[in-house]
Amino acid sequence: DTLINTYKNKGKNAIPTYAYLSWGIQLAELGLTDEALKKFEQSASMAHRNPDAHINIGILKAKEGNLEEALEYYKKALRVDSTNIKAHIYLACGYLELGNRAHADRMLKKAIQIEPRNPKIFTSYAVVLAKVGDKEEALKYFEKAYALNPANMKVLYMWAMLLLELCKFEE
């Protein structure tokens with residue numbers, strides 16, 4: 001941190017925002033949440049604004065159980081980059097977990113408009129739909145994700161497990 005402060009005091013951006021972001025991700029993976037949060041906040045505050053910093057802060061807030069606060073960070077990410085798919089997905093899933101299906105569907109549709117052939121959009125939404133109990137609807141989104149990427153065995157597995165849970169063997 002001393003070296004970083006030295007460069008900041010000289011007005012140089014020697015450590016780019018993605019370095020703090022990467023550092024934060026590594027700390028979060030080690031379970032050092034408070035330290036990770038500080039690095040994400042440093043990344044978010046730099047001149048080169050990075051939506052992923054806000055998204056990662058949101059993820060940490062959601063893991064702490066602060067879902068509404070997490071949504072605010074996903075919104076900040078969209079203010080930095082309105083086409084950021086991850087921010088749209090996290091917002092959609094967060095709204096769904098809070099029971100706000102209308103907002104969730106709106107965010108999902110925006111993500112699909114931006115990247116209509118991105119299976120991660122459909123997979124993420126399917127997982128949360130299943131989590132909140134709308135398993136029939138989740139099946140439809142798993143099917144869409146699989147149709148876009150039939151080589152993804154993880155999607156096929158999750159879809160199959162949900163079919164088995166619902167005793168829909170004929171599908």
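Gln-26 has its place in helix H2, and in this predicted model the residue is partly exposed, with a relative accessible area of 46%. Although Gln-26 and Ala-36 are 10 residues apart along the chain, their C-alpha atoms are separated by 7.7 Å. A second pair can be described in a similar way, beginning with Ala-19, which also lies in helix H2. Ala-19 is partly exposed, with a relative accessible area of 26%, and between Ala-19 and Ser-43 there are 7.9 Å in space, C-alpha to C-alpha, while in sequence the two are 24 residues apart.

Both partners, Ala-36 and Ser-43, are listed among the buried residues of helix H3, together with Leu-37, Lys-39, Phe-40 and Ala-44. These buried residues cover an arc of only 165 degrees around the axis, which puts them on the same side of H3. The face turned away from that buried side carries the exposed residues Asp-34, Lys-38 and Ser-45. What the buried residues of H3 pack against is helix H2 (17–29) and H4.

The setting for these helices is a protein chain with 10 helices and 0 strands, so that the order of elements from the N terminus on reads α-α-α-α-α-α-α-α-α-α, where helices are taken as DSSP runs of at least four residues. Of the 171 residues in the protein chain, 39% are buried. Among the contacts in the protein chain with a separation of 6 or more, 45% come from residues 24 or more positions apart.

Three of the helices can be set side by side, with the span expected at 1.5 Å a residue next to the distance between the end C-alpha atoms.

| Helix | Number of residues | Expected span | End C-alpha distance |
|---|---|---|---|
| H3 | 13 residues | 18 Å | 18 Å |
| H8 | 13 residues | 18 Å | 18 Å |
| H10 | 13 residues | 18 Å | 18 Å |

For H3, the distance between the end C-alpha atoms agrees with the expected span, and for H8 the reach from the first C-alpha to the last is close to the expected value.

Helix H4 (residues 51–63) also takes part in a contact with helix H5 (residues 67–80), where the two axes come within 8 Å and cross at roughly 170 degrees. That makes H4 roughly antiparallel to H5, because angles over 145 degrees count as roughly antiparallel. On the H4 side the contact is made by Pro-51, His-54, Ile-55, Ile-57, Gly-58, Ile-59, Lys-61 and Ala-62, and these meet Leu-67, Glu-69, Ala-70, Tyr-73, Tyr-74, Lys-76, Ala-77 and Val-80 in H5. Sorted by type, the residues of this contact divide into 11 nonpolar, 2 polar and 3 charged.

One residue of H4 can be followed in detail, namely His-54, whose place is in that helix. Is His-54 buried or exposed? His-54 is buried, because its relative accessible area is 10% and buried means under 20%. When its neighbours within four places in sequence are left aside, His-54 is in contact with Ala-44, Tyr-73, Lys-76, Ala-77 and Val-80. Ala-44 is one of the buried residues of H3, whereas Tyr-73, Lys-76, Ala-77 and Val-80 are among the residues of H5 that H4 meets.

Further along the chain, helix H8 (residues 119–131) has the buried residues Pro-119, Ile-121, Phe-122, Thr-123, Tyr-125, Ala-126, Val-128, Leu-129 and Ala-130. The cover over these residues includes helix H6 (85–97), helix H7 (101–114), helix H9 (135–148) and helix H10 (153–165).

In helix H10, the buried residues are Val-155, Trp-159, Leu-162 and Leu-163. Seen down the axis of H10, these residues fall within an arc of 105 degrees, so they line one face of the helix. On the other side of H10, Met-153, Lys-154 and Tyr-157 are exposed. What covers the buried residues of H10 includes H8 and H9, and H10 in turn is listed among the helices that cover the buried residues of H8.

Key
Residues are numbered from 1 along each chain as its sequence is written. This is a predicted model: local features need pLDDT of at least 70, side-chain atom pairs count only at pLDDT 80 or more; totals for chains, interfaces and linings use all residues. Side-chain values use heavy atoms; hydrogens and water are left out. Axes are lines fitted to C-alpha atoms, for helices over the stretch in contact, and angles run from 0 to 180 degrees between N-to-C directions. Helices (H or I, at least four residues) and strands (E, at least two) are DSSP runs, numbered from the N terminus. Angles under 35 degrees count as roughly parallel, over 145 as roughly antiparallel, 65 to 115 as roughly perpendicular and the rest as oblique. Contact means heavy atoms within 4.5 Å. Ala, Val, Leu, Ile, Met, Phe, Trp, Tyr, Cys and Pro count as nonpolar, Asp, Glu, Lys and Arg as charged, and the others, Gly among them, as polar. The expected span of a helix is 1.5 Å times one less than its number of residues. Buried means under 20% relative accessible area, exposed over 50%, partly exposed in between (1.4 Å probe, protein chains only). The arc is that of the directions from the helix axis to the C-beta atoms.
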